[in-house]
Amino acid sequence: MGERNSILLVLLTLTITIILEAGTRVFAQNCGCAPGLCCSIYGYCGTSSDYCGKGCQAGPCLGPPSSNGVIVSDIVTDAFFNRITNEATAGSCPGKRFYTRRAFLDALRSYPHFGTLGSVDDSMREIAAFFAHVTHETGSMCYIEETNGASRDYCNKKYTQYPCAVGKSYYGRGPLQLTWNYNYGAAGNSIGFDGLKNPEIVATNPTISFRTALWYWMNTCHGIITSGRGFGATIRAINSGECGGGNSNTVNARVQYYTHYCSELQVDPGTNLRC
């Protein structure tokens, strides 16, 4: 019995050690990692090769990621960008003066992995997917802020590390309509602005606005595209409420934008288009 108890004690100690180590490494799904941590292909934070090795999305990834030679600025040309903004149908479009290709390219410098990993087709699909969601979320880059967003409560107090500031609202702003206090807080920590006390900057600084969109994309959607899970999974990552019959019209609209941009970029859209 004494030997058996010793073995059980060793196993229990080992289990506790593994749990404690995991607790120090894994912070949250979908990243928004603390400095010094890698964002894994599955959207978790940590420091081992499981996080910093193959598929690492952000952070101190092990070794430089292989690039396929795609230069995003050569794909997202003035003509490509302007074709999107010219589709806006609303009479007054503040976004046309706010969302510019220059602001996008300035923001892109902080995210060199966007559109440059995997195959060339992967890159084209990623660019098409990103701008499909941007087009849908902003009405062809017409809207900077969510319509009637200020009337909605986007403060989730469960995220105590991101306490809502008095008098501030965390409704949708920017190219991917950044929403909720925890996203503003995490984006601000990563990019370098006070997302909780100054969420308005996402609607006043076009470069920061695009950086928040790329931050969200790289933390939630980039790995989906490069792992071949399909455009439908990016819809779920951006607005899961639309999936499973939640809103088939908006899903169809996103898919139509995506397939249109894929056609424009001469790439097959792939499978699993709907969530």
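Which residue forms a disulfide with Cys93? I would like to start there, and I should say at once that what we are looking at is a predicted model. The partner is Cys142, and the two sulfur atoms are placed 2.2 Å apart. Cys93 sits in the loop between α4 (78-85) and α5 (95-98), while Cys142 sits in the loop between α7 (120-138) and α8 (181-191), so this disulfide ties together parts that are 49 residues apart in sequence. The torsion about the S-S bond is about -95°, so the link is left-handed. Cys93 is buried, at 9% relative accessibility, and Cys142 is buried as well, at 1%.

In total, the count comes to 3 disulfides, so let me take the other pairs in turn, beginning with Cys155 and Cys164, whose sulfur atoms are 2.0 Å apart. Here the S-S torsion is about 110°, so this disulfide is right-handed, and Cys164 is partly exposed, with a relative accessibility of 27%.

The remaining pair is Cys243 and Cys275, with sulfur atoms 2.0 Å apart. Cys243 lies in the loop between α11 (231-238) and α12 (248-264), whereas Cys275 belongs to the segment after α12, so the pair joins parts 32 residues apart in sequence. This link is left-handed, with -100° about its S-S bond. Cys243 is buried, its relative accessible area being 10%, but Cys275 is partly exposed, at 27%.

Finally, there are a couple of other cysteines to point out on the model: Cys221 is buried, with a relative accessible area of 0%, and Cys262 is also buried, at 1% relative accessibility.

Key:
Residues numbered from 1 in each chain as written. Predicted model: local features only at pLDDT ≥ 70, side-chain atom pairs only at ≥ 80, totals over all residues. Heavy atoms only, no water. Disulfide = S-S within 2.5 Å. Helix = DSSP H or I, 4+ residues; strand = E, 2+ residues; numbered from the N terminus. Buried < 20%, exposed > 50% of the residue type's maximum accessible area, 1.4 Å probe, protein only.
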